[in-house]
Amino acid sequence: MSWADPLTFLPEPSPSFIVLSLLLVISIPLILHLIIYNTTSDTLPTILLVGPSGAGKTALATLLERGRAAVTHTSQVPLTVEISLPVKVPVASSRFRSPNDPTWEVTKKLLIQDTPGHGKLRHYAVDSINKPQNMQGIIFMVDAAALSSDTSEGPRQTAEYLHDVLLQLQKQVTESKTSKARKEMPVLIAANKLDLFTALPAPTVKYKLESEITKVRKSRSEGLLDSGIGSKDLDGGNEGDWLGDTGDGEFKFSQLEEFNIQVKVAGGNVTGADGSEVKQWWEWIGGIL
């Protein structure tokens, strides 16, 4: 008996068996792909929208959701809306994804969580920062026209709020009880109302806020010294209470990079005589997804 004789005892596969085998070979990878994707993408990526009252946060949220800004009033509670990126806005995570991928459109949807800007209601923003739900980034919206005033309290109050938001993010790194590094947290400072004649351009907004935060750091450190905390405690690197680099130097947003906080300032306007201009903000959103 030759070596091939045992093979003659094997049953010949039927056509139905061959078809079933081919279906299994094709369908199993697809099923596994869908299972893995659904288990890791139950929650859409979220961007937290914060800033002082009157900056245009809710108007921006409605513009991104509907394509046009709605008439808004001072927010009392958070508002979450689902938005879809425009087709022409590239998504960073889709650079190597095929347009024929069934998950292509899903990756271009996200949530915008608008929070009240009133001083007594900012705890909503703090809670969202401390207990993020798939938060991919933060948009801090400012009124670029209000920042141009050197006599009003607007610039100082805006800087104090921004200081506190950034400090919360920094504390997540400095006070972390694990050695695992937190993922990078992008922060966009959206300078709104650039269509107004009195509005500061984006580079000047950046300089203005850095200067005001420098003053906030100094005044708060002086308050700590008056309360009995020694200067050695401050110079010793108490990062939990000091934003950015320690010392008496000027504050720069670049100092936050060591805490995995990437700050960018970009201008635009939600409303205006010639319509809205939010292209740079859309591009920033696409770049962090």
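**Exercise 1. Lys57**

Task: In this predicted model, decide whether Lys57 is buried or exposed, and find what its side chain reaches.

Solution.
- Begin with the accessible area. Lys57 has a relative value of 6%. The cut-off for buried is under 20%. Lys57 therefore counts as buried.
- Place the residue. Lys57 belongs to helix 2, which covers residues 57-66.
- Look for a polar partner. A polar atom of the Lys57 side chain lies 3.1 Å from the backbone oxygen of Gly51.
- List the surroundings. Beyond four places in sequence, Lys57 contacts Leu49, Val50, Gly51, Pro52, Asp114, Thr115, Pro116, Gly117 and Met141.
- Take one of these partners, Thr115. Lys57 and Thr115 are 58 residues apart along the chain, and 8.1 Å separates their C-alpha atoms.

**Exercise 2. Thr115**

Task: Locate Thr115, and state which backbone oxygen its side chain reaches.

Solution.
- Thr115 sits in the loop between strand 3 (109-114) and helix 3.
- Its relative accessible area is 1%, so Thr115 is buried.
- The Thr115 side chain comes to 2.9 Å from the backbone oxygen of Leu49.
- Leaving out residues up to four places away, Thr115 touches Leu48, Leu49, Val50, Lys57, Pro78, Tyr124 and Ala125.
- Lys57 appears in that list, and Thr115 appears among the contacts of Lys57.

**Exercise 3. The cores**

Task: Which elements give two or more residues to the largest nonpolar core, and which gives the largest share?

Solution.
- Take the core itself. The largest nonpolar core holds 36 residues. Val50, Ile138, Leu162, Leu166, Val205 and Phe253 have the most contacts inside it.
- Now assign elements. The strands that give two or more residues are strand 1 (46-50), strand 4 (135-143), strand 5 (185-192) and strand 6 (261-267). The helices are helix 3 (123-130), helix 4 (154-174) and helix 5 (202-226).
- Compare shares. Helix 4 supplies the largest, with 7 residues.
- Examine Ile138. Apart from residues up to four places away, Ile138 touches Leu48, Val50, Ile129, Val165, Leu169, Pro186, Val187, Leu188 and Trp284.
- Check for another core. A second, separate one has 28 residues, among them Val81, Val270, Val278 and Leu289.
- Set this against the general trend. In soluble globular proteins, nonpolar side chains tend to be buried together.

**Exercise 4. Helix 4**

Task: Compare the span of helix 4 with the expected value, and name its buried residues.

Solution.
- Count first. Helix 4 has 21 residues.
- Then take the span. From first C-alpha to last, helix 4 reaches 30 Å, close to the 30 Å expected at 1.5 Å a residue.
- Collect the buried positions. They are Pro155, Thr158, Ala159, Tyr161, Leu162, His163, Val165, Leu166, Leu167, Gln168, Leu169 and Gln170.

**Exercise 5. Aromatic pairs**

Task: How many aromatic pairs are there, and what geometry does the pair of Phe140 and Tyr161 have?

Solution.
- The count is 2 aromatic pairs.
- Phe140 and Tyr161 are 5.4 Å apart, centre to centre, with 70 degrees between the planes. Planes over 60 degrees apart count as edge-to-face. This pair is therefore edge-to-face.
- Phe140 is in strand 4 and Tyr161 in helix 4, so the pair ties together parts 21 residues apart in sequence.
- Both Phe140 and Tyr161 are buried.
- Phe251 and Phe253 form an edge-to-face pair, with centres 5.5 Å apart and planes at 85 degrees.
- Phe251 is buried at 1% relative accessibility. Phe253 is buried at 3%.
- Return to Tyr161. Arg122 lies over the face of this ring, 4.0 Å from the ring centre.

**Exercise 6. Positive phi**

Task: Where do Asn134 and Asn260 lie, and what are their phi values?

Solution.
- Asn134 lies in the loop between helix 3 and strand 4. Its phi is positive, about 55 degrees, although Asn134 is not a glycine. At 33% relative accessible area, Asn134 is partly exposed.
- Asn260 lies in the loop between helix 6 (231-235) and strand 6. Its phi is near 60 degrees, again positive in a residue other than glycine. At 28% relative accessibility, Asn260 is partly exposed.

**Exercise 7. The whole chain**

Task: How many helices and strands does the protein have, and what pattern do they follow?

Solution.
- There are 7 helices and 6 strands.
- Along the sequence the pattern reads α-β-α-β-β-α-β-α-β-α-α-β-α.
- Of the 289 residues, 38% are buried.
- Take contacts between residues at least 6 apart in sequence. Of these, 78% join residues at least 24 apart.

Methods
Residues are numbered from 1 along each chain as its sequence is written. This is a predicted model: local features need pLDDT of at least 70, side-chain atom pairs count only at pLDDT 80 or more; totals for chains, interfaces and linings use all residues. Side-chain values use heavy atoms; hydrogens and water are left out. A nonpolar core is a set of buried Ala, Val, Leu, Ile, Met, Phe, Trp, Tyr and Cys residues joined through side-chain atoms within 4.5 Å. Buried means under 20% relative accessible area, exposed over 50%, partly exposed in between (1.4 Å probe, protein chains only). Helices (H or I, at least four residues) and strands (E, at least two) are DSSP runs, numbered from the N terminus. Contact means heavy atoms within 4.5 Å. The expected span of a helix is 1.5 Å times one less than its number of residues. Rings of Phe, Tyr and Trp (its six-membered ring) pair if their centres lie within 6.5 Å; planes under 30 degrees apart count as stacked, over 60 as edge-to-face and the rest as tilted. A charge sits over a ring if NZ of Lys or CZ of Arg is within 6 Å of the ring centre and within 35 degrees of the ring normal. A polar contact is a pair of N or O atoms within 3.5 Å; within protein, one must be able to donate a hydrogen and the other to accept it, and residues adjacent in sequence count only if both atoms are side-chain atoms.
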